[in-house]
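Got your viewer open and a selection box ready? Here is a walk through one structure, stop by stop, with something to click on at each.

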Amino acid sequence: MIEVERAGRSFTHRRKAGVLRRERHVVHAVRDLTFSVAPGEFVGYLGPNGAGKSTTIKMLTGILTPTTGRVRVAGLDPSRRRTALARRIGVVFGQRTTLWWDLPLRDSFELVRHLYNVDQGDFRRRLAELEELLDLGSFLHIPVRQLSLGQRMRGDLAAALLHAPSVLVLDEPTIGLDVVSKAALRAFLRELNAERGTTVLLTTHDLGDVERLCSRVMVIDHGRLSFDGTLGDLRATAPEESSIEDVVARLYTGGG
Amino acid sequence: MPPRETVFQLYLRIALYGFRKHSTYRAAALAGAFTNTVFGILRAYVLIALWEARPGLGGYDVVDAVTFCFLSQAAIGPMQMFGGSLDLARRVRSGDVAIDLMRPASLQLWSLADDLGRAFYLLLVRSVPPTLIGAALFGLTAPQTVWRWPEFGASFALGLLTSFGWRYLIALSACWIDDDRGVQALSGVLMSFFSGMILPLTIFPGWLGAVAQATPWAAMVQVPVDVYLGTRGLWEALAFQGAWAAALLALGALATAGARRKVVIQGG
């Protein structure tokens with residue numbers, strides 16, 4: 001479903017090095033990244049801040065082209081087939097929203113229907129399903145700016161799923177949520193993956209997300225994968241009885 | 001590709017949402033309408049003083065000048081004549097534009113539909129009432145024929161398109177300029193002066209007048225008002241506005257492609 005082959009992404013910055021002289025300065029956000037995700041997998045994508053997670057997500061969703069290597073999502077080259085790809089993937093950014101701030105949540109969903117050209121019947125059925133699973137009923141008619149963060153996240157998640165994408169990419173979806181909201185979101189994601197077989201790639205700093213959801217974990221550091229395996233494999237990299245936080249901290253700091 | 005009809009429905013809905021989004025800020029719109037009315041009255045007195053001292057200045061009589069004043073006040077809200085920026089500029093600065101670029105829709109058409117919805121709402125709240133009050137207080141020039149209304153409507157609509165075309169370019173400039181406040185301020189000055197908002201462009205003599213009347217900003221206020229007053233040929237006016245609207249929208253399309261390339265390929 002997702003194939004990344006020796007992908008790299010560098011950024012060139014120019015900075016002043018004198019009165020007229022400018023220096024080129026190249027930053028490698030991602031270098032030589034290779035992995036693939038099979039249909040139906042639930043993969044956690046971890047890494048310290050600045051490791052290249054967001055750059056990877058941008059390459060997968062087509063808003064950034066790799067400078068080297070190759071990326072395929074749902075059989076498409078993301079940056080070249082952005083429009084076709086948008087119909088097959090759903091993306092949720094925990095720190096941004098795709099919803100219309102001043103309008104009732106329901107209106108944003110109606111726009112999604114037009115944007116992705118979803119059949120009226122399919123739309124009604126899916127919305128009813130999501131409404132039940134995400135418990136949206138009580139705030140569908142409320143303007144998004146008045147929703148709590150937890151409600152807004154559930155709304156964003158529903159908006160990303162109304163066109164029934166086969167891949168869901170989540171960038172820190174649980175950031176800032178309270179324990180109850182987190183638990184509800186996790187239960188929903190688990191069910192989505194198990195029942196519908198939706199492939200999920202999840203970046204997070206909340207290791208509770210990883211422990212409860214991900215069958216597989218990838219860790220990126222300095223633009224390269226430093227770990228790729230099951231949750232059990234991940235635990236096995238550290239002495240027994242280490243907490244998951246300790247295990248990951250060891251990987252981030254290069255220990256172990 | 002979805003059928004044309006569906007695409008049209010999408011943008012129509014965005015325009016409708018733009019309208020409704022602004023209608024949630026009713027207090028702000030009413031305050032704007034009040035300000036437009038008060039400043040309209042003040043401007044009207046200044047113009048009356050000027051035209052009584054120099055009757056027939058710029059080809060207008062006193063009533064034409066007052067009509068000019070209130071019709072140009074009516075353009076402020078819908079066309080954002082003091083350089084009000086598109087929400088897009090903020091989204092570029094915050095990086096939210098990445099989400100917009102991911103959608104299977106045209107960023108330019110999306111922004112246009114949203115802006116036209118906003119313009120239509122402000123037309124109802126900030127344009128019509130102040131003009132009616134101006135008419136009641138001062139008496140405005142009545143249209144010479146009943147056809148003048150649709151003619152003025154067409155010219156005003158082209159003014160809206162030109163205004164959007166310009167403000168879209170200013171908003172996208174934030175992709176290349178780290179701090180776009182300077183550009184925004186410059187845009188505000190250009191729009192308010194060269195549109196005729198400060199004084200009708202017809203009173204400027206010589207080359208300054210000629211240059212001012214050839215700018216895209218003139219297509220926003222001066223030209224539609226002249227169409228209403230009947231002091232400018234209709235087809236010449238519409239062709240002039242249409243050319244500027246088309247040119248700015250085409251530049252906007254190029255800038256959109258450039259911005260996309262910058263974000264997607266250079267990663268900026």
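What follows is a tour of chain A, the contact across to chain B, and then chain B itself. Keep in mind that the model is predicted.

**Stop 1: the annotated domain**

Start by selecting residues 14-247 of chain A, where an unreviewed UniProt entry places the feature "domain: ABC transporter". Colour this span by secondary structure and you get 37% helix and 25% strand. Put a distance label on its end C-alpha atoms and it should read 38 Å.

**Stop 2: a charged patch**

Now show side chains for A:Arg14, A:Lys16, A:Arg22 and A:Arg24, which form a patch of positive charge on the surface. The elements supplying two or more residues to that patch are β1 (2-16) and β2 (22-37) of chain A. Zoom in on A:Arg22, which sits in strand β2 of chain A. Is A:Arg22 buried or exposed? Its relative accessible area is 52%, so with the exposed class starting over 50%, A:Arg22 counts as exposed.

**Stop 3: salt bridges in chain A**

Side chains of opposite charge can pair when their charged atoms come close. Across all chains, a search of the whole structure turns up 25 salt bridges. Pick the one between A:Glu41 and A:Arg216, where the closest N and O atoms are 3.0 Å apart. What does this pair tie together? A:Glu41 is in the loop between β2 and β3 (42-46) of chain A, while A:Arg216 belongs to strand β8 (residues 216-221) of chain A, so the bridge links parts that are 175 residues apart in sequence. Switch on a surface and look for A:Arg216: at 12% relative accessibility, this arginine counts as buried.

Stay in chain A and select A:Lys182, A:Arg186, A:Asp206 and A:Asp209 together; these four are linked in a network of salt bridges.

**Stop 4: helix α6 of chain A**

Next, go to A:Val179 in helix α6 (residues 179-196) of chain A. This valine counts as exposed, at 67% relative accessibility. Draw a C-alpha to C-alpha distance from A:Val179 to A:Ser242: the two are 63 residues apart in sequence and 23 Å apart in space.

**Stop 5: two backbone oddities**

Most residues other than glycine have a negative phi. With a Ramachandran panel open, click A:Asn117, whose phi is positive, near 55°. A:Asn117 is in the loop between α3 and α4 (120-133) of chain A, and counts as partly exposed at 35% relative accessibility.

The other click is A:His222, also not a glycine, with a positive phi of about 50°. Look for A:His222 in the loop between β8 and β9 (224-230) of chain A. With a relative accessible area of 62%, A:His222 is exposed.

**Stop 6: across the chains**

Time to cross over. Select B:Arg20 and A:Asp107, a salt bridge with its closest N and O atoms 2.4 Å apart. B:Arg20 lies in helix α1 (residues 4-23) of chain B and A:Asp107 in helix α3 (residues 105-115) of chain A, so this pair joins two chains. How covered are the partners? B:Arg20 is partly exposed, with a relative accessible area of 29%, whereas A:Asp107 is buried at 13%.

**Stop 7: annotated spans in chain B**

Chain B has its own annotation: the unreviewed UniProt entry gives "transmembrane region" for several spans, including residues 27-50 and 119-140. Select residues 27-50 of chain B and you get 100% helix and 0% strand, with the end C-alpha atoms 34 Å apart. For residues 119-140 of chain B, the figures are 91% helix, 0% strand and 23 Å between the end C-alpha atoms.

**Stop 8: a pair within one helix**

Select B:Asp115 and B:Arg118, which form a salt bridge with the closest N and O atoms 2.8 Å apart. Both are in helix α6 (residues 107-138) of chain B, and being three residues apart there, they are separated by about one helical turn. B:Asp115 and B:Arg118 are both buried.

**Stop 9: a covered helix**

Finish on helix α10 (residues 222-229) of chain B. How many of its eight residues are buried? The count is eight of eight, among them B:Gln222, B:Asp226 and B:Tyr228. Step just past the end of α10(B) and you land on B:Gly230, which has a positive phi near 75°.

Note on methods:
Residues numbered from 1 in each chain as written. Chains lettered and ligands numbered in written order. Predicted model: local features only at pLDDT ≥ 70, side-chain atom pairs only at ≥ 80, totals over all residues. Heavy atoms only, no water. Patch = residues over 30% accessible without salt bridge, like charges linked within 9 Å, V, L, I, M, F, W, Y side chains within 5 Å. Areas by Shrake-Rupley, 256 points an atom, 1.4 Å probe, with all protein chains shown as cover. Lys, Arg positive; Asp, Glu negative; His and termini not counted. Charge placed at Lys NZ, Arg CZ, Asp CG, Glu CD. Helix = DSSP H or I, 4+ residues; strand = E, 2+ residues; numbered from the N terminus. Buried < 20%, exposed > 50% of the residue type's maximum accessible area, 1.4 Å probe, protein only. UniProt positions renumbered as here; feature names shortened; annotations may be inferred.
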